[in-house]
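Colleague: I should like to learn how surface features are read from a model. May we take them in turn, with the structure before us?

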Amino acid sequence: LFALIATSIIITLELYASFRPERAQEIIRRVRSWIGAHTDQAIVILFLAIGLYLVGSSIYYLSTS
């Protein structure tokens with residue numbers, strides 16, 4: 001299921017870039033600038049979420065054992 005979804009997304013993006021290259025380049029440019037401006041915040045939020053999940057999971061396992 002994962003492979004089917006991933007393949008369909010890639011095919012969709014390739015077709016979009018083939019039929020509307022100017023629009024696709026504009027979208028790619030905006031996404032790259034957003035990623036460049038928000039990389040640090042995204043990393044902090046991602047690792048905070050992972051850390052909270054791990055702490056919560058550990059507390060649950062300690063309290064139910």
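Colleague: Is L46 buried, partly exposed or exposed, and which value decides the matter?

Modeller: Please bear in mind that this model is predicted. Partly exposed is the class between under 20% and over 50% relative accessible area. L46 has a relative accessibility of 48%, so L46 is classed as partly exposed. This residue belongs to helix α2, which spans residues 21–64.

Colleague: Which residues make the nonpolar surface patch, and what is its area?

Modeller: A residue needs over 30% relative accessible area to enter a patch. Here I43, L46, F47, I50, Y53 and L54 form a nonpolar surface patch of about 630 Å².

Colleague: Let us turn to charged pairs. How many salt bridges does the structure hold?

Modeller: The criterion is a side-chain nitrogen of Lys or Arg within 4 Å of a carboxyl oxygen of Asp or Glu. The structure contains two such bridges. In one, R29 pairs with E26, with 2.6 Å between the closest N and O atoms. In another, R30 pairs with E26, and the closest N and O atoms are 4.0 Å apart. Through these shared partners, E26, R29 and R30 are joined into one network.

Colleague: How many residues apart are the partners within helix α2?

Modeller: R29 and E26 are three residues apart in helix α2, about one turn. R30 and E26 are four residues apart in that helix, so about one helical turn separates them.

Colleague: What are the relative accessible areas of E26, R29 and R30?

Modeller: E26 has 31% and is partly exposed. R29, with 48%, is partly exposed, and R30 is partly exposed at 41%.

Technical notes
Residues numbered from 1 in each chain as written. Predicted model: local features only at pLDDT ≥ 70, side-chain atom pairs only at ≥ 80, totals over all residues. Heavy atoms only, no water. Patch = residues over 30% accessible without salt bridge, like charges linked within 9 Å, V, L, I, M, F, W, Y side chains within 5 Å. Areas by Shrake-Rupley, 256 points an atom, 1.4 Å probe, with all protein chains shown as cover. Helix = DSSP H or I, 4+ residues; strand = E, 2+ residues; numbered from the N terminus. Buried < 20%, exposed > 50% of the residue type's maximum accessible area, 1.4 Å probe, protein only.
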